[in-house]
Structure formats: C-alpha cells, structure tokens
Amino acid sequence: MAGKPRSGCEALRVVARCRPMSRREEAAGYERVLELDVKLGQVSIRNPRAAPGEMPKTFTFDAVYDASSKQTDLYDETVRPLIDSVLQGFNGTIFAYGQTGTGKTYTMQGAWGDPEKRGIIPISFEHIFTHISRSQNQQYLVRASYLEIYQEEIRDLLAKDQNKKLELKENPETGVYIKDLSSFVTKNVKEIEHVMNLGSQTRSVGSTNMNEHSSRSHAIFLITIECSETGPDGEEHIRVGKLNLVDLAGSERQSKMGTHGERPKEASKINLSLSALGNVISALVDGKSTHIPYRDSKLTRLLQDSLGGNAKTIMVATLGPASHSYDESLSTLRFANRAKNIKNKPRVNEDPKDTLLREFQEEIVRLKAQLEKRGMLGKKRRRSSRRKKTVDGESATENEGEDDNEDGLEKNMENYLKEQKERLEEEKAAIQDDHSLVSEEKQKLLQEKEKMIEDLRKEQEATELLATKYKAMESKLLIGGRTIVDHTNEQQKMLELKRQEIAEQKRREREMQQEMLLRDEETMELRETYTSLQQEVEIKTKKLKKLYAKLQAVKAEIQDQHDEYIRVRQDLEEAQNEQTRELKLKYLIIENFIPPEEKNKIMNRLYFDGDEDQWKFQPLVPTGGNSSQMKRRPTSAVGYKRPISQFARVAMAMGSHPRY
Ligand code: ADP
Ligand code: MG
C-alpha cells in the first residue's frame, strides 16, 4: 500500500462488452455489425444500411470484451484494481450501461448458480472477504445496502416496509445520502450473498413482469468497507471505501417501447434519470459548463461523486452484435465515448466523522467495561465467601489463576452466580428447618431470601444479555486470521497471483499499443525524409487519402449527430404536445366543474416542495405539533402566489399527487 498515491486526477475507465448472438438473432438471420479488436481495445460498428464504400465507425476504450470473454477476464483486468482501491478507502463505482438484453445484469450479477458465470457483484464478495482474511493488524467492518430507483422513487430493497419511499438528503460533510436506508453488517461471503438474494427477491416480487421492470429501473448494490489501522504516527486511523454497483435501466429509446395507456408517463420518468445522466456527462466533458445538472434526477444526485467527483469509476457499455440493434449500439458507443473524458478526483477517505466502525469499537469498550465491572464484583465477593468457607473448615476448590479473557470472565461470573444461588438455597432450607423461629419471622426471612434469589437471577440475565451483545458486536469486526480466516491453499493463491499478473500485463500491452498508434499518426511527418520527388508525391498522396477518409468520417459523424438531435427534438415536441393536450383537458374540467371559490381555496393552499419535487397542501389549521414542518415551508409562499395557479394546473395535469 505504501508509495501508492492517495489522491489525484484520473479519467473514468470505460470498457465495452459485446454479448454473443442470441439463438433468436441467429435464427432470424441477422448479420453481425460489430467487430472487436481485443488487443487494441477497439470496437468497429458497420451500418447495415450503409452506402457502398462507407467506412465502419471505430471507437477506442480502455478495454473491450468480446463474446468469448469470461466473467473473470473482465473482473481481473478491469474491476479488481478498483475493488482493491475501495479496500484502501477510495470510493468506487461500476455502471453497466446499455440497451435491454445486452448483458448488463449478466455482467453485474451473472448466473448465480454457475461459478463460471458469476458476475462482478458475487466475485467482488469473494475478493473483499478474502482480502480481509489475509490482512494483518487491521480491523474491518463491512455492510451492504440494496436499493432501486423506479419512476424517480427510491425503494429500499432490504426494508420490511416496501411501501415507504425514501428521500435523498444532503450533508455538507459527507454529501448526498439516502435517509433511513437499511444496511446490514456482514461477516462473510455467505451473509452478504444472503443480503443480495433478499434484495433481488424483493425486487422481483414487486413487479408483475420482471424483465420490463428491470429494464425500467436502476438497481444499486452498495457496499461500505471501513478499516481501522494504527498509522505510522501511532494513532489509529479509519478509512472508509464506498462501492456502488449499478445495473442501470435499459438505454433504448422509449418510443420503441409503445406509447399507449400509462406507458409514456412512466417511460418519460425513467428517461429522466438516464437522460440526466447523459446531460451530466455532457456538461462534465464540455469544459465550458459551469453548472453540472446533478440535481435533475435521483440517480445523478446519488452518484454525484462517481461522476467528476471523489470516486474511481468504471463504465461497462454492453452491446448486442446483431444488425437490428445497430442504432442502439451506436448510441451506446457514443455515450461511452463521451464518458471517457470525465475526470474524477478520487482520494482516500481517512478519518471521516461518524464511522460505524468507531461506534462499534466504542460500544464494545463500553460493554466490556460493564462486563468487567460485574466480573470484578463477583471476584471480590467470591474471595470473601471463600475465606468464610475456609474458616468453616471446607477446602477451597476454585482455580486460583483467573483468566483475563472474556471467556474466563464469563465463567467466573457463572460460577459465582451458581455458587451464590446454591448458598441462598441452602440458607433458605436452613431457615425452613429452623424450628426455633416464630413462623411470622420465618416467613419474613424466607421472603427476603426469595427476593435475593430473584435479584440474582435478574442480574444473571442482564449479564448474559450483555455478554451476548458484546460477543455479537465483536464478531462483526473482522480481523484477518482471527475472526475471519482465509481458506485458500498455497496453490490456489499462486494461481490467483498468476492470473492477476497476466491481466495486468494484458492491460499494459493494450495501453502501449494504443499509445503507439496515437504517436504513429503524430510523428509520421517528422520521421519522413524523401529520397525523390516521386516518393514524396506518393507518400503525400497516401497521407492525403488517409486524412480525406478521416474527414469523411467526421463529416458523417456530424450528420449523424444532427439527425439524432432532430429526432430528440421531435420526441420532446411530441411529449410537449401530449402534455399540453392533457393540460387542456384538466383545465377544462377545473373551469367547468369546480366552483371558482373552491378552486381559489385550493390554489391558495398549494405550495411546491422543491426537495421532494411535489406540490403539497398547507394544512388548513396549523397544528402545534407540526410547527417545525411549518418553519421549513417557504415563507415566501405568497411569492409563489402568482405562478401557483399556473403551476398547480400543470401539476394536476401531469398527474402529480399532492399530499394532504
Ligand atoms: P440486460 O440486463 O442488459 O437486459 P441480460 O444481462 O439480462 O441483459 O442479458 C440478456 C441475455 O443475454 C441473458 O440471457 C444473458 O444470459 C445473455 N448474456 C448477456 N451477456 C452475455 C455474455 N457475455 N455471455 C453469454 N450470455 C450473455
Ligand atoms: Mg437486466
């Protein structure tokens, strides 16, 4: 770890992955339009409707994975370094972006049962816990959350109450977070897998058609890894790495998905997060934009750090090889190509406030102190009782050497309590047998003893509870070789290392090749000296041809972009027309069927809550208990007054549900 930079500027890593032709595509006889050059990291896409002579378009990425690529190829080469960074305290994000059916879920999750087909998320579980089990002098705490963004609403996939919609909040220190999102502390691969399966089940239960649902929602699996270690300064430091594993909604143009009934409204909302993602990326790479529209959607707000901020980010663009998805594939490639230019500023998150690990450590110390106090009490009393016994002529049988560890402590405690109980029972029996006592007195003494026994029992229970809590908390703090043990043998370790080395080498080779290609073009001019005029003409003609082809490609690209722009504009116009039509209808209803004074009353009570992006009603009578809520409301509600009627109509027309 030493010597590695702890912060710096680095570009988003973008890789492309093409799935094999599906059986359906093969049966339908679609031709292949994608070619991948794995060595160079390039994807070429050929327009099936191209005019003769039209060149395929070529895109270069950090790496490309063809149909024969294995899940571990992608992981070892591209993902592993990022997870290693997260384990060191960096934030990391992996996005899968692409059209529905191109392999986003396959890449992120994969086929669960087949070890060969397990995706990034399950492999990362193994990676994380193996790393921890091999660590030395470090304490780790790992926890996981799972959420989904559907129709711009955040759903906690691990919560009991699935109807609760979560809110995004902002903390000036830690940034944007989700209020009340549940997270589970996990001690090993099995536990975190369980968390993931739980969330996946919830996800599919909530939807009638899982395919459709997953193509419209964004799923985010979040792993937080906290690590504490004593630094060179002798102080203990905590580093926190957050890992976002994101399976995005399908990137296909929504118009393809049918436009009847409820669809357009729903579709346009999903579009919002994805198009906001596109806009954020454009603004980031534009260089001129001073405003990055993170706030335009839940997804971009939540992943603000991953795009141009404090995180290392990978985007996996997934593609289908067949001709029928040419348009979508090209659009995915362009999207990914733009994302390459995003620069992030990742840094190790050291000693942030409010880490759960610190909380755990403090709680453990507190519990331990409490247990010790009880244990100490026990020891003192035992000694006195032992002395008494010795005086009585009995031999002391307890072991003298007392354990300092918790197990010993607990045993001491147990023995002491047992002993005390026996003694009390004995005394009780003695009282019972004592015929010299008046029955009233006897009763009183017996009751006293009963109470003492009861108190003892309660104390025992409380101690047991404390001990259980202490043990549970301590077991969650993972210490390599102690609470979590590495089960891989030497041979497996060697294999792992070799695989990583090969992956690293492949990556370096590709980077060098890409660089050489770039330099080749730049230095062509300098290297050339001509022996004759004839040769100079020949070489320059060749170069001219090359440049001419490049010019044509750029021209075609501009034309494409222009066409795309027009299509998007038409789409937006269409959506606008539809909304205007609906607006007119609602307006007609309001004007003709709602009495004007009722309408005015409603309008005056409405205000817009920017945080929740909702129109809301002011309560008729402000209640005392709600005073804090009242304070948060814009006092300038009057300032909203004029536009309110207009906005309110729009809101009603668009089907917002103001909350009462
Ligand atoms: P998405 O999540 O993008 O909608 P899926 O991950 O569900 O797409 O993939 C669609 C289908 O293609 C699935 O049956 C999946 O198993 C298969 N598939 C996707 N990528 C690959 C790949 N790289 N190799 C083999 N099969 C793949
Ligand atoms: Mg999917």
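Trp 615 is buried, at a relative accessible area of 6%. Its aromatic partner is Phe 608, and the two rings meet edge-to-face. Keep in mind that this is a predicted model. The protein chain runs to 660 residues, 38% of them buried, and holds 17 helices and 19 strands. Much of what follows circles around helix α4, which packs with α5 and also with α2.

**Overall picture**

- Take the contacts between residues at least 6 apart in the sequence of the protein chain: 73% of them join residues at least 24 apart.
- Aromatic pairs turn up four times in a search of the whole structure.

**Aromatic pairs**

- A pair of aromatic rings is described by two things, the distance of the centres and the angle of the planes.
- For Phe 125 and Phe 221, the centres sit 5.6 Å apart and the planes make an angle of 50°, so this pair counts as tilted.
- Phe 125 belongs to helix α4 and Phe 221 to strand β13 (residues 218–230), so the pair links parts of the chain that are 96 residues apart in sequence.
- Phe 125 and Phe 221 are both buried.
- Phe 608 and Trp 615 are 5.2 Å apart centre to centre, with 65° between the planes, and that makes them an edge-to-face pair.
- The partners in that second pair differ in exposure: Phe 608 is partly exposed, with a relative accessible area of 24%, whereas Trp 615 is buried at 6%.
- Tyr 146 joins Phe 125 and Phe 221 in one aromatic cluster.

**Helix α4 against helix α5**

- The axes of α4 (residues 120–134) and α5 (residues 189–205) come within 9 Å of each other and cross at roughly 150°.
- With an angle like that, α4 and α5 are roughly antiparallel, because the cut-off for that label is over 145 degrees.
- The crossing of α4 past α5 is right-handed.
- On the α4 side, the contact is made by Ile 121, Phe 125, Glu 126 and Phe 129; on the α5 side, by Val 189, Ile 192, Glu 193 and Met 196.
- Sorted by class, the contact of α4 with α5 has six nonpolar residues, two charged ones and no polar ones.
- Phe 125 does double duty here: this α4 residue takes part in the contact with α5 and pairs with Phe 221 as well.

**Helix α2 against helix α4**

- Helices α2 and α4 pack with their axes 10 Å apart, at an angle of about 50°.
- That leaves α2 and α4 oblique to each other.
- The way α2 passes α4 is a right-handed crossing.
- From α2, the contact takes in Gln 71, Thr 72, Leu 74, Tyr 75, Val 79, Arg 80, Ile 83, Asp 84 and Leu 87; from α4 come Ile 120, Ile 123, Ser 124, His 127, Ile 128, His 131 and Ile 132.
- By class, the contact of α2 with α4 has nine nonpolar, five polar and two charged residues.

**Two basic side chains to look at**

- Arg 80 sits in helix α2 (residues 71–87) and counts as buried, at 11% relative accessibility.
- Leaving aside residues up to four places away in sequence, Arg 80 touches Tyr 75, His 127, Arg 499 and Gln 500.
- His 127 is one of the α4 residues in the contact with α2, and Arg 80 is one of those from α2.
- Lys 493 is found in helix α13 (residues 490–527) and counts as partly exposed, at 26% relative accessibility.
- With residues up to four places away in sequence again left out, Lys 493 touches Arg 134, Asp 486 and Thr 488.

**Positive phi outside glycine**

- Asn 137 is not a glycine, yet its phi is positive, at about 55°.
- Asn 137 lies in the loop between α4 and β8 (138–150), and is exposed, with a relative accessible area of 71%.
- Asp 351 also has a positive phi without being a glycine, with a value near 45°.
- The place to find Asp 351 is the loop between β16 (343–344) and α10 (356–391), where Asp 351 counts as partly exposed at 37% relative accessibility.

Key. Residues numbered from 1 in each chain as written. Chains lettered and ligands numbered in written order. Predicted model: local features only at pLDDT ≥ 70, side-chain atom pairs only at ≥ 80, totals over all residues. Heavy atoms only, no water. Axes fitted to C-alpha atoms, helices over the stretch in contact; angles between N-to-C directions. Helix = DSSP H or I, 4+ residues; strand = E, 2+ residues; numbered from the N terminus. Parallel < 35°, antiparallel > 145°, perpendicular 65-115°, else oblique. Left-handed = near helix turned anticlockwise from the far one by under 90°. Contact = heavy atoms within 4.5 Å. Nonpolar A, V, L, I, M, F, W, Y, C, P; charged D, E, K, R; others polar. Phe/Tyr/Trp six-rings, centres within 6.5 Å; stacked < 30°, edge-to-face > 60°. Buried < 20%, exposed > 50% of the residue type's maximum accessible area, 1.4 Å probe, protein only.
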